[in-house]
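Welcome to a short set of exercises. Please take a look at the sequence and the structure, then work through each task before reading its solution.

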Amino acid sequence: MENDSSSDLPVLIGQTGMLNGLRWLINGELTIGRDTDCGVVIADRQVSRYHARLTSSLKGLLLEDLGSKNGTYLNGKLVSEPAYLQDGDIIAVALVQNFVFISSDATMPMESPLPVANVRTGRLRLDARSRRVWIGQQEILPPLSAPQFRLLQILYDQQGKVVARQDLITAVWGEEEAVGISEQAMDALVRRLRDRLSQLDPKHPYVITVRGHGLRLDNPED
C-alpha cells in the first residue's frame with residue numbers, strides 16, 4: 001500500500017548469492033548468519049552462526065561484524081569496526097553472499113508477486129530467488145548447499161541440453177577459483193547433488209553424465 005509506513009524503512013536486498021532477489025525491511029535490529037535464529041539465514045558453512053548485525057539508530061543504520069571467521073565486507077573492505085551505511089552500499093558476508101542497502105523501501109520499484117517456482121515443466125521444480133527445490137510436491141529439506149544449488153540451477157535453466165564440465169566448474173566456483181578445481185572435486189559435488197535428489201526420488205537419475213561432453217538434466221514430466 002502506498003501509505004504503508006513500512007515503505008519508509010531501510011531495506012536489505014540479496015544479490016549474487018543464494019539469497020539473490022530476496023529482501024528484508026530493517027526495523028530495529030537484523031542479524032545475519034547461519035543459525036536459524038537469525039533474521040537473515042545463509043545456509044553456508046563459510047558463514048558463522050551469528051556473522052553480522054544491522055542496527056537502526058538516530059544516526060542511521062550501523063553494520064558490525066560479530067567476530068565472524070571469514071569476515072564481513074563493506075564496499076570491498078573488511079569491516080573491523082562498526083560502520084554506518086550509505087544508500088547503495090554493498091555488503092558481502094564471507095564473500096559467499098552479497099547484499100545491497102537501500103535507505104528507504106519507498107525508493108524501490110514495485111514488483112510482481114514471486115512465482116512458486118520457475119516456469120518449467122517437469123517433476124523437479126526450482127525457485128532461484130528463494131533457493132528452494134521440489135520434486136513432485138515434496139521440498140528438498142534441508143536446502144541444498146550453495147554449490148549444489150548453483151550446479152542444479154545451471155542444468156535446470158538449460159534442461160535437456162548438455163553443459164560442458166568446464167563451463168559448470170566456472171559457473172559454480174567462479175573464474176578465479178575454477179583454475180584450481182580438480183575433476184575429483186567436481187565429481188564429488190555431482191555425487192552429493194545426486195544423493196540429495198535421490199532421497200526424494202531414488203528411481204530416477206536426474207543428473208546425467210554424457211561422457212566426453214558434460215552433464216545434462218533429465219527432468220521427467222510429473
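**Exercise 1: A threonine and its partners**

In this predicted model, the side chain of Thr72 makes a polar contact with the side chain of His51 at 3.4 Å. Your task: find which other side chain makes a polar contact with that of Thr72, and decide whether Thr72 is buried or exposed.

Solution.

Step 1. Start with the location: Thr72 sits in strand 7, which covers residues 72–74.

Step 2. Look for the other polar partner. The side chain of Asp65 makes a polar contact with that of Thr72, at 2.6 Å.

Step 3. Check the accessibility. Thr72 has a relative accessible area of 0%, so it falls under the 20% limit for a buried residue.

Step 4. Now widen the view to contacts, setting aside neighbours within four places in sequence. Thr72 then touches His51, Ala52, Leu63, Asp65, Lys77, Leu78, Val79, Ile91 and Ala92. His51 and Asp65 are the polar partners you have already met.

**Exercise 2: Salt bridges across the chain**

How many salt bridges does a search of the whole structure find? Work out which parts are tied together by the pairs Arg49 with Asp35, Arg53 with Glu64 and Arg165 with Asp187.

Solution.

Step 1. The search gives six salt bridges.

Step 2. Take Arg49 and Asp35, whose closest N and O atoms are 2.6 Å apart. Arg49 belongs to the loop between strand 4 (40–41) and strand 5 (52–57), and Asp35 to the loop between strand 3 (29–33) and strand 4, so this pair ties together parts that are 14 residues apart in sequence. Arg49 is partly exposed at 45% relative accessibility, while Asp35 is buried at 12%.

Step 3. Go on to Arg53 and Glu64, with 3.1 Å between the closest N and O atoms. Here strand 5 supplies Arg53 and strand 6 (residues 60–65) supplies Glu64, so the parts tied together are eleven residues apart in sequence. Arg53 counts as partly exposed, with a relative accessible area of 25%, and Glu64 as buried, at 18%.

Step 4. Finish with Arg165 and Asp187, which meet at 2.8 Å, N to O. Because Arg165 lies in helix 2 (residues 165–173) and Asp187 in helix 4 (residues 183–198), the pair ties together parts that are 22 residues apart in sequence. In this pair Arg165 is buried, at 19% relative accessibility, and Asp187 is partly exposed, at 35%.

Step 5. Add one more residue: Glu183 joins Arg165 and Asp187 in a network of salt bridges.

**Exercise 3: The nonpolar cores**

Which residues of the largest nonpolar core touch the most other members, and which element gives the most to this core?

Solution.

Step 1. The largest core has 26 residues, and those that touch the most other members are Leu124, Val133, Leu151, Leu152, Leu155, Leu168 and Leu197.

Step 2. Trace the contributing elements. At least two residues each come from strand 12 (124–127), strand 13 (132–135), helix 1 (146–157), helix 2, helix 4 and strand 17 (214–217). Helix 1 gives the most, with six residues.

Step 3. Zoom in on Leu151. Beyond its neighbours within four places in sequence, Leu151 is in contact with Leu168, Val172, Met186, Leu189, Val190 and Leu193.

Step 4. Turn to the second core, which is separate and has 25 residues, including Val40, Ala52, Val93 and Val96. Ala52 also appeared in Exercise 1, among the contacts of Thr72.

How values were computed: Residues numbered from 1 in each chain as written. Predicted model: local features only at pLDDT ≥ 70, side-chain atom pairs only at ≥ 80, totals over all residues. Heavy atoms only, no water. Salt bridge = Lys/Arg side-chain N within 4 Å of Asp/Glu carboxyl O. Helix = DSSP H or I, 4+ residues; strand = E, 2+ residues; numbered from the N terminus. Buried < 20%, exposed > 50% of the residue type's maximum accessible area, 1.4 Å probe, protein only. Core = buried A, V, L, I, M, F, W, Y, C linked by side-chain atoms within 4.5 Å. Contact = heavy atoms within 4.5 Å. Polar contact = N/O pair within 3.5 Å; in protein donor to acceptor, adjacent residues only side chain to side chain.
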